[in-house]
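The exercises below are meant to be worked with the sequence and the coordinates side by side. Try each task before reading its solution.

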Amino acid sequence: NPFLPEMTRAAGFPLGWGPIVGGAWLASRVATFAIMNRWHGWLGSRLTATGGAWACILGFAMCVACTLLPAGLTAQVIAVVGLVVFGIGIATVYVGALYYAMEVGAAAVDEGGKHEALIGLGYTAGPLCGLGAVGLWSAGVIGVGVVNPVMLGRVALTAGAGRAWQVAKKL
């Protein structure tokens with residue numbers, strides 16, 4: 001959400017279209033919730049977790065990448081598609097994680113609390129990646145033209161660290 005104004009401006013959306021464009025990820029999220037409610041083929045599938053996570057990363061990367069292109073239709077299409085993919089990923093991870101917490105955790109109250117705590121961690125870590133990039137720019141360490149690539153790199157490193165921790169935990 002903090003990145004949406006920058007993305008819509010850089011992609012060349014008309015002033016006032018920000019909330020409409022930003023709603024693309026929320027609309028795809030709601031649609032994904034509805035689909036997963038009706039279709040249960042995702043239950044117990046590893047693709048739910050991995051596919052959802054990759055959709056989040058890919059959608060976010062598309063949104064950042066659109067700011068590196070010249071403003072216009074191509075950047076706008078990539079932005080909207082990126083938001084839709086991001087919304088699908090967020091919903092898939094959310095529903096899959098909640099199902100897993102309730103099934104594997106025997107529907108214990110602590111499991112629901114862990115689930116919400118991890119969501120809060122995501123809502124904290126994501127903006128911190130952007131804040132870190134802006135902080136580097138403010139300190140004169142990087143130029144304004146590389147803030148978004150640095151932010152994307154920080155997100156990739158954070159995602160990679162999370163995956164490494166997950167793999168190491170299994171060992």
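## Exercise 1: Thr48 and its surroundings

At 9% relative accessibility, Thr48 counts as buried, and the model in which this value was computed is a predicted one.

Task: state which element holds Thr48, and which residues Thr48 touches when those up to four places away in sequence are not counted.

Solution. Begin with the location: Thr48 belongs to helix α3. Next apply the cut-off, under which a residue is buried when its relative accessible area is under 20%; Thr48, at 9%, therefore counts as buried. Finally list the contacts: leaving aside residues up to four places away in sequence, Thr48 touches Met36, Trp42, Thr92 and Gly96. One of these partners, Met36, is itself among the buried residues of α2.

## Exercise 2: Helices α2 and α3

Task: set the end-to-end reach of α2 against the expected span, do likewise for α3, and then find which residues of each helix are buried.

Solution. Take α2 first, which covers residues 18–38: its 21 residues reach 31 Å from the first C-alpha to the last, close to the expected 30 Å. The helix does bend, by about 30° at Ala24, and Ala24 is also one of its buried residues, together with Val21, Gly22, Trp25, Ser28, Thr32 and Met36.

Turn then to α3, where 21 residues reach 30 Å between the first and last C-alpha, close to the 30 Å expected. The buried residues of α3 are Thr48, Gly52, Ala55, Cys56, Gly59, Phe60, Met62, Cys63, Val64 and Cys66, and their cover includes α1, α2, α4 and α6.

## Exercise 3: The largest nonpolar core

Task: identify which members of the largest nonpolar core touch the most other members, and which helix gives the most to this core.

Solution. In soluble globular proteins, nonpolar side chains tend to be buried together. Here the largest nonpolar core has 21 residues, of which Phe3, Met7, Cys66, Leu83 and Met151 touch the most other members. The helices α1, α2, α3, α4, α5 and α6 each supply at least two residues of this core, and α3 gives the most, with 4 residues. To see one of these members in detail, follow Met151, which touches Phe3, Phe60, Val64, Cys129, Gly130 and Ala133 once residues up to four places away in sequence are set aside.

## Exercise 4: Two loop glycines

Task: decide whether Gly16 is buried or exposed, decide likewise for Gly44, and give the C-alpha separation of each from its stated partner, Gly153 for Gly16 and Glu103 for Gly44.

Solution. Gly16 lies in the loop between α1 and α2, and its relative accessible area of 53% makes it exposed. Gly16 and Gly153 are 137 residues apart along the chain, and their C-alpha atoms are separated by 30 Å. Gly44, in the loop between α2 and α3, is exposed at 73%; Gly44 and Glu103 are 59 residues apart in sequence, with 9.9 Å between their C-alpha atoms.

## Exercise 5: The whole chain

Task: describe the fold by its elements and judge its compactness from the radius of gyration.

Solution. The protein has 6 helices and 0 strands. Its radius of gyration is 17 Å, close to the 16 Å that the globule rule gives for 171 residues, so the protein is as compact as a globular protein of that length. The C-alpha trace spans about 50 × 35 × 25 Å along its principal axes, and 30% of the 171 residues count as buried. Among contacts between residues at least 6 apart in sequence, 66% join residues at least 24 apart.

Notes: Residues are numbered from 1 along each chain as its sequence is written. This is a predicted model: local features need pLDDT of at least 70, side-chain atom pairs count only at pLDDT 80 or more; totals for chains, interfaces and linings use all residues. Side-chain values use heavy atoms; hydrogens and water are left out. The expected span of a helix is 1.5 Å times one less than its number of residues. The bend at a residue is the angle between axes fitted to the seven residues ending there and the seven starting there. Buried means under 20% relative accessible area, exposed over 50%, partly exposed in between (1.4 Å probe, protein chains only). Contact means heavy atoms within 4.5 Å. A nonpolar core is a set of buried Ala, Val, Leu, Ile, Met, Phe, Trp, Tyr and Cys residues joined through side-chain atoms within 4.5 Å. The radius of gyration is taken over C-alpha atoms; the globule rule is 2.2 Å times the number of residues to the power 0.38.
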